[in-house]
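User: I am new to this structure and would like a close look at a single part of the backbone, along with whatever helps me to place it. Please take me through it carefully.

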Amino acid sequence: MINILIIDDEPEVGHFLSYLLSSKGYTVSLGGSGKDFYHLIRERVYDLALLDIRLPDANGLDILKQLKKTCPGCKSIVMTGYSTIKTAVDAIKLGANDYIEKPFEDIDELESLIDRLLHHNQTVNDSEIHRIAKQTGLVIGSGKEMRHLIMLAYKIAKKNINVLIEGETGTGKEVLAHFVHQASLRSDNPFLAVNCGSLSESLLESELFGHEKGAFTGAIKERKGIFEIANKGTIFLDEIAEASLSTQVKLLRVLESGEYMRVGDEAVRRTNTRIVAASHVDLAGAVEQKMFREDLLYRLEVVKLTIPPLRDRKQDIPELLTYFLEKQQSQLSFSEEAVNLLQHYQWPGNIRELVNVVKRATALAEGETRMISSEYLPDKLRAATYDRTSSRASIIPALGKSEKDLQFYLEDWVKHIHQLWAAEQDVGLDEIIQQVKELEVRIGRAFVTKMLKETMGNRKEAAERLEITTRQLRYFLNEKKGG
Ligand SMILES: Nc1ncnc2c1ncn2[C@@H]1O[C@H](COP(=O)(O)OP(=O)(O)OP(=O)(O)O)[C@@H](O)[C@H]1O
Ligand SMILES: [Mg+2]
C-alpha cells in the first residue's frame, strides 16, 4: 500500500489531487493547513507528500524540514504559484524532490512525475546526470558540494526558469551552463553564448537582437540576433555585469515579456528562449553600486548556482587530472607527490589554470618520463606551498608605498609584457590574460588584507577606506555572501 499526504489550503486543489490519486489506488490523507500537517504526519508513514508552499498558518519550508525529520524516506513535491518559485527552488535545495507550478497545466506531467518518484530509484537520475556530464565535458568530482550543485542544476534544468551562475573566473560557469541546456527539454534546439564584456554596446545589441539593413554605419545587410536564432533554445549571457544599463533595460523587457526589437526596426518580435547568465563579479554588489538593475537581477536569478572555487574542493583534483590527461590522449600520469603539490596550491585561476598546468606538464614530460613528477610543475606551485604559513599578501611582489609608485609599477609591468611579446612570439595572449585575472584577485586580496590590519579587522571601516562595498571586500577575501 502506498500512502500519500496532500497539504493544500485551496480545497479545490486538495480534492482534485485526492480524487486523482485515490483513483489510481493510492491511500490518500488530505489536510488544508500547517496544523493539519503536524497532526497527519504523526498518523502514518508516508511514501510521498505533496505540499503547498504557502499556507495561512505555516511556512512551507518549515513543514518540509519537519517532514524530512519525521519521515526521512518520504519523497516530496512542493506546489507553488509563480510568485513563490524562488521559495520552491529553496525547497529543492532543502531536499524536496521536485516542484510543480499551480495552476496545473499538464496533468499527465504531474502523474508521470508522481509515478517516477514512487517507482524509480535515485540511480536512474544519477546515471542520466553522469551521461549528460560526460557529454558536456563536466567533471563532477567526489566532493559533496559539487554533487549537490549538479543535482540541483539537473532538477531545475527541465523547468522553464532562468538561471544565474556565479563563480570565480575559471570555475566552469560556461561548462555548467551547457550542462543545464543539455539536461533541459530544449536540448534539441540551439545553445548560443554571448560574452557581454567583449562587445561594444551597439555591437552587443545587434548581436542579441539583430539589426535592419542600414541601422548603423556598417550594417550593410539585415542580420538575425541570437534571440531569434536561439528561439526555443538557450542563450548563455556571459559576463552579464558588463552589459550597459541601456542594454539591461532591453534585456529586462525580453525576460518579462519575450518581446524585443531589432536595432533600427520598430516591429516587435517575440522569442521563447531560456536565459542562463553568468558573472564572475557579485551582482548583488553591482546592484548596490547602481551598476546593475535590481529588477533584472531579480529576473535572472530565479535559480542561483554558485560554483565553489577550486581551492575549496581540492578532493576533486585527482578526478580532474585523470579527465584532462584522457582528453589529451596522454598515457602519462601524475606522481603522488605532484598531486599533493597540486592540492596545496590556491588556484586563483581555478580549473582553467589547472588545465594550463596539465598542458604544460604533459608537453614537458612527453617522451622523457611516464610519471609526471613535481619538477614538471611551475615554480609558483612550490612557492605557494612554502608560503602557506606566511600571509597571503606576500605572494605578490613588493609594491611601492604611494599610489604614484603603484601606477608606475603597473605601467612598467604592461611595458614589460609588451617587450616580452615583441621578443618572444609564443607568449600566448590567452596565458597573459589569465595571469592578469589572477593578478586582479591577488591585488584585491592584498589591499583588503592590508587595510584590515590597519583597521584592526573592522570590515566596515576597511571597505569605506578602500571605497568599495563590504560585499566586494568579502568577494576579495573569497568569502561567500553573508559569510
Ligand atoms: N567541472 C569541470 N570539468 C571539466 N572541465 C572543466 C570543469 N570546469 C571547468 N572546466 C574547464 O576549465 C576551463 C574554464 O571553464 P569555463 O570557461 O567554463 O569557466 P568560467 O567560469 O566560464 O570562466 P570565466 O569566468 O573566466 O569566463 C575550460 O577549459 C573548461 O573546460
Ligand atoms: Mg566563462
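Analyst: In this predicted model, Glu467 sits in the loop that joins helix H20 (459–466) to helix H21 (470–476). Although Glu467 is not a glycine, its phi is positive, at about 55°. Most residues other than glycine have a negative phi, and most peptide bonds are trans. Glu467 is exposed, because its relative accessible area of 71% lies over the 50% cut-off.

A useful counterpart is Trp347, which is likewise not a glycine and has a positive phi of about 50°. Trp347 belongs to the loop between helix H15 (336–344) and helix H16 (350–365), but with a relative accessible area of 0% Trp347 is buried, whereas Glu467 is exposed.

Another backbone feature concerns the peptide bond from Lys102 to Pro103, which is cis, with omega near -5°. Pro103 is part of the loop that runs between strand E7 (98–101) and helix H5 (107–119). At the start of H5, the backbone nitrogen of Asp108 has a side-chain oxygen of Asp106 within 3.2 Å. For the 13 residues of H5, a rise of 1.5 Å a residue predicts a span of 18 Å, and the end C-alpha atoms are indeed 18 Å apart, so the two agree. The buried residues of H5 are Leu110, Leu113, Ile114, Leu117 and Leu118, and because they cover an arc of only 125° around the axis, they lie on the same side of H5. These buried residues pack against several elements, including strand E1 (3–7), helix H1 (11–22) and E7.

Key:
Residues are numbered from 1 along each chain as its sequence is written. Chains are lettered from A and ligands numbered from 1 in the order in which they are written. This is a predicted model: local features need pLDDT of at least 70, side-chain atom pairs count only at pLDDT 80 or more; totals for chains, interfaces and linings use all residues. Side-chain values use heavy atoms; hydrogens and water are left out. Helices (H or I, at least four residues) and strands (E, at least two) are DSSP runs, numbered from the N terminus. Buried means under 20% relative accessible area, exposed over 50%, partly exposed in between (1.4 Å probe, protein chains only). The expected span of a helix is 1.5 Å times one less than its number of residues. The arc is that of the directions from the helix axis to the C-beta atoms. Contact means heavy atoms within 4.5 Å. A polar contact is a pair of N or O atoms within 3.5 Å; within protein, one must be able to donate a hydrogen and the other to accept it, and residues adjacent in sequence count only if both atoms are side-chain atoms.
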